[in-house]
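Subject: Structure for you to look over

Dear colleague,

I am passing on the structure we spoke of, and I would be glad if you could look through it with the notes below at hand. Please open it first and read afterwards.

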Amino acid sequence: MDYQGGVTGPSNNTRLSEFSYEQNLFNRIINIRLGRIAPTKYLTNLPTDCQFVSFVCGNPGGWSFNANQSHWPVATWGGMLTIRPATNYYIQTGAYADNSWGFTRTGFPFSGNWSEAHANGTFIPVEGGYSSTYETEAYPKKYVVGFYYDSHNFSDAYLNTAGKPLLTNGGTPMNDGAHTEVYGEFMQTVWKPNRKSHEDLQIFGGAYIGSSGHPTVNAYYTLGVLKHGLPRRPHDYMGLIGVASVFNQRVTAALDTAVQVNGGRGNFARSTEGVEFTYGAEVLPGVLFRPYIDAVFHPDQELYAYVPDPKIHYSVGGGAQIMIRFNEAFDLPEIKPL
């Protein structure tokens with residue numbers, strides 16, 4: 001059940017976000033998953049991501065803006081093949097229907113959302129890397145490289161079919177065709193008081209670069225640090241992350257034109273940057289209280305503003321979140337994928 005507001009997620013709906021069949025073969029060397037899946041759940045995920053509240057949990061911002069595939073919690077039909085040739089190494093690929101129309105449907109499980117009548121492309125990712133945990137390595141790390149191809153015929157943010165600005169000339173948006181993206185990301189444990197301790201210091205980051213077409217975000221970067229275990233608070237953690245998006249010139253041109261059409265002045269920066277600090281305090285076993293504060297510089301306003309304002313140079317936000325790990329709080333077994 002999702003209660004996010006705005007266009008970042010489907011609001012106040014109950015959804016069936018996965019209905020799949022999973023099969024391991026050859027002593028877990030090969031894993032196959034088929035069904036209704038939110039594909040991004042299994043891609044570009046660092047173990048550090050969801051320890052933050054505001055900026056990263058799930059896929060990087062560049063994906064959310066650029067790809068036409070379904071994002072959590074909206075599922076689509078597809079499948080994924082994962083091969084683990086050696087301990088901690090993996091490569092995975094798959095194919096999924098592009099069906100972002102499902103975001104507007106309640107979808108539990110029907111309301112037309114299970115039909116592929118509105119599918120308008122195919123999303124094909126390839127990702128490989130090295131990934132370890134405390135169960136397999138004293139100093140866990142993850143290194144990933146990947147690529148995706150999205151066959152959806154994307155509409156241009158700025159130009160019409162005659163090659164002129166949409167906002168001042170009207171008409172139909174120009175079609176930009178498919179696009180591709182390459183990416184790399186890492187997480188490395190760099191310090192522990194001893195090899196057996198789970199107290200640690202980790203650094204992580206990533207770069208996600210549009211490699212063809214005209215994606216909304218040409219490049220997206222992350223860099224951060226996490227400290228698990230604090231003096232007299234062994235189950236607490238704190239983290240700091242910075243993010244930056246470099247937007248396609250046609251996106252900023254469209255925003256600049258919107259300012260002019262509404263009688264304003266000024267131009268938008270090509271990039272937007274942000275920092276977030278989060279503290280995770282364990283108040284009871286399995287129960288975390290997570291206050292955070294973030295700041296965004298040159299807010300892009302690409303999705304949220306009806307009348308964008310280039311004079312808004314920064315924004316500051318904050319809040320707190322309660323997170324419950326039910327297996328720890330109620331001494332239940334932890335459910336893990338096969």
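The notes below go from the whole chain to the core and then to single residues.

Please keep in mind throughout that this is a predicted model. The secondary structure of the protein comes to 4 helices and 13 strands. With 338 residues, a compact globule would be expected to have a radius of gyration near 20 Å, and the 21 Å found for the protein agrees with that. Along the principal axes, the C-alpha trace spans about 65 × 45 × 35 Å. Of the 338 residues, 43% count as buried, and among the contacts with a separation of 6 or more, 60% are between residues 24 or more positions apart.

As for the surface, the protein exposes about 17,500 Å², of which carbon and sulfur atoms supply 60%. There are 23 positive and 28 negative side chains, and the centres of these two sets lie 3 Å apart.

The core

In soluble globular proteins, nonpolar side chains tend to be buried together. The largest nonpolar core in this model has 31 residues, and those with the most contacts inside it are Phe52, Val56, Trp63, Phe123, Phe204, Tyr220 and Ile241. At least two residues of this core come from each of the strands E4 (89–97), E6 (141–160), E7 (173–191), E8 (200–212), E9 (217–230) and E10 (233–247), and the same holds for helix H3. The largest share, 4 residues, is supplied by E10.

Ile241 gives a view of the surroundings of one of these core residues: leaving aside neighbours within four places in sequence, Ile241 is in contact with Phe52, Phe55, Val56, Phe204, Leu223, Gly224, Gly274, Val275 and Glu276.

Helix H3 covers residues 249–261 and includes Thr252, which is buried because its relative accessible area is 7%, below the 20% cut-off. Beyond its neighbours within four places in sequence, Thr252 is in contact with Phe247, Ala269 and Arg270.

Two further buried residues

Asp150 is placed in strand E6 and is buried, with a relative accessible area of 0%. Which residues surround this aspartate, once neighbours within four places in sequence are left aside? Asp150 is in contact with Ala67, Asn68, Gln69, Asp98, Thr122, Phe123, Ala178 and His179, and Phe123 is also named among the core residues with the most contacts inside the core. Asp150 and Ala119, for their part, are 31 residues apart in sequence and 12 Å apart in space, C-alpha to C-alpha.

Ala38 lies in the loop between strand E2 (30–37) and helix H1 (61–66), and at 1% relative accessibility it counts as buried. Leaving aside neighbours within four places in sequence, the contacts of Ala38 are with Ser17, Trp72, Val74 and Ala75. Between Ala38 and Leu16 there are 22 positions in sequence and a C-alpha to C-alpha distance of 10 Å.

A glycine in strand E8

Is Gly210, which is found in strand E8, buried, exposed or partly exposed? Its relative accessible area is 24%, so Gly210 counts as partly exposed, given that this class lies between the limits of 20% and 50%. Not counting residues up to four places away in sequence, Gly210 touches Thr180, Glu181, Pro215 and Asn218. Gly210 and Gln69 are 141 residues apart in sequence, with 16 Å between them in space, C-alpha to C-alpha.

Two residues with positive phi

Most residues other than glycine have a negative phi, and I would therefore ask you to look at two residues that depart from this. Arg232 has a positive phi of about 65° although it is not a glycine. Arg232 lies in the loop between E9 and E10 and is exposed, with a relative accessible area of 86%. For Asp331, phi is near 55°, again a positive value in a residue other than glycine. Asp331 lies in the segment after helix H4 (326–329), and at 70% relative accessibility it counts as exposed.

With best wishes

Terms used
Residues numbered from 1 in each chain as written. Predicted model: local features only at pLDDT ≥ 70, side-chain atom pairs only at ≥ 80, totals over all residues. Heavy atoms only, no water. Rg over C-alpha atoms; globule rule 2.2 N^0.38 Å. Buried < 20%, exposed > 50% of the residue type's maximum accessible area, 1.4 Å probe, protein only. Contact = heavy atoms within 4.5 Å. Areas by Shrake-Rupley, 256 points an atom, 1.4 Å probe, with all protein chains shown as cover. Lys, Arg positive; Asp, Glu negative; His and termini not counted. Charge placed at Lys NZ, Arg CZ, Asp CG, Glu CD. Core = buried A, V, L, I, M, F, W, Y, C linked by side-chain atoms within 4.5 Å.
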